[in-house]
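Work through the exercises below with the model open. Each task is followed by a stepwise solution.

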Amino acid sequence: MSINPALEGRSYPAGGTYVVSREKIREFATATKATHGAHYDLEAAASLGHADLVAPPTFAIIVAQRADAQLIADPESGIDFSRVVHADQRFTLHRPIVAGDELVAELHVDKVRGMGTGAMITTRAEITTAGGESVATTISSILVRGEEAA
């Protein structure tokens, strides 16, 4: 099956809420070698004016990938995940992510570009609080390799 070019312009609604916990922030910070005290210590976060621990900027990927999963699982997409290569990821934070946030993400397929037997797909996840406050925008590009000619 080839990539469906009609994906371009499609949106996937926000799914379930992701509750950001202190432990998840600490785990992510440790895994990504983010060493700032505001990721681990409440006093350090408070000294910067935050109500709780602050997530590293790339923490938004956790919520964005949950939204991306809807596209990958869509049978109309034509995406075979075993043929996906991650090409690019960009983050724009509209405000810091802190412990206690309840986040959702709506996914938009901004571009589908055929490349030989494969395609490059660019998506945008708009991450907000459950109450609608804008938190982050992530832009991701994946290359879906085509089938080899027999």
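**Exercise 1.** Is Glu 126 buried, partly exposed or exposed?

Solution. This is a predicted model: local features need pLDDT of at least 70, side-chain atom pairs count only at pLDDT 80 or more, and totals for chains, interfaces and linings use all residues. Residues are numbered from 1 along each chain as its sequence is written, and side-chain values use heavy atoms, with hydrogens and water left out.

- Step 1. Fix the classes: buried is under 20% relative accessible area, exposed is over 50%, and partly exposed is in between (1.4 Å probe, protein chains only).
- Step 2. Glu 126 has 23% relative accessibility, so Glu 126 counts as partly exposed.
- Step 3. Find the partner. Glu 126 forms a salt bridge (a side-chain nitrogen of Lys or Arg within 4 Å of a carboxyl oxygen of Asp or Glu) with Arg 124; the closest N and O atoms are 3.1 Å apart.
- Step 4. Arg 124, at 22%, is partly exposed.

**Exercise 2.** How buried or exposed are the partners in the salt bridge of Asp 101 and Arg 95?

Solution.

- Step 1. Check the contact: the closest N and O atoms of Asp 101 and Arg 95 are 2.9 Å apart.
- Step 2. Asp 101 has a relative accessible area of 9% and is buried.
- Step 3. Arg 95 is buried too, with 18%.
- Step 4. Now take Asp 88 and Arg 90, whose side chains meet in a salt bridge at 2.9 Å, N to O. Asp 88 is partly exposed at 29%. Arg 90 is partly exposed at 46%.

**Exercise 3.** How many salt bridges does a search of the whole structure find?

Solution.

- Step 1. The search finds nine.
- Step 2. Look for a network: salt bridges link Arg 10, Asp 74 and Glu 76.

**Exercise 4.** Which parts does the aromatic pair of Phe 28 and Phe 59 tie together?

Solution.

- Step 1. Set the criterion: rings of Phe, Tyr and Trp (its six-membered ring) pair if their centres lie within 6.5 Å; planes under 30 degrees apart are stacked, over 60 edge-to-face, the rest tilted.
- Step 2. The whole structure has two aromatic pairs. Phe 28 and Phe 59 form an edge-to-face pair, 5.3 Å centre to centre with 75° between the planes.
- Step 3. Phe 28 sits in helix α1 (residues 22-31) and Phe 59 in the loop between α2 (42-47) and α3 (60-73), so the pair joins parts 31 residues apart in sequence. Helices here are DSSP runs (H or I, at least four residues), numbered from the N terminus.
- Step 4. Phe 28 is buried at 14%. Phe 59 is buried at 0%.
- Step 5. Tyr 18, Phe 28 and Phe 59 form one aromatic cluster.

Conventions:
Helix = DSSP H or I, 4+ residues; strand = E, 2+ residues; numbered from the N terminus.
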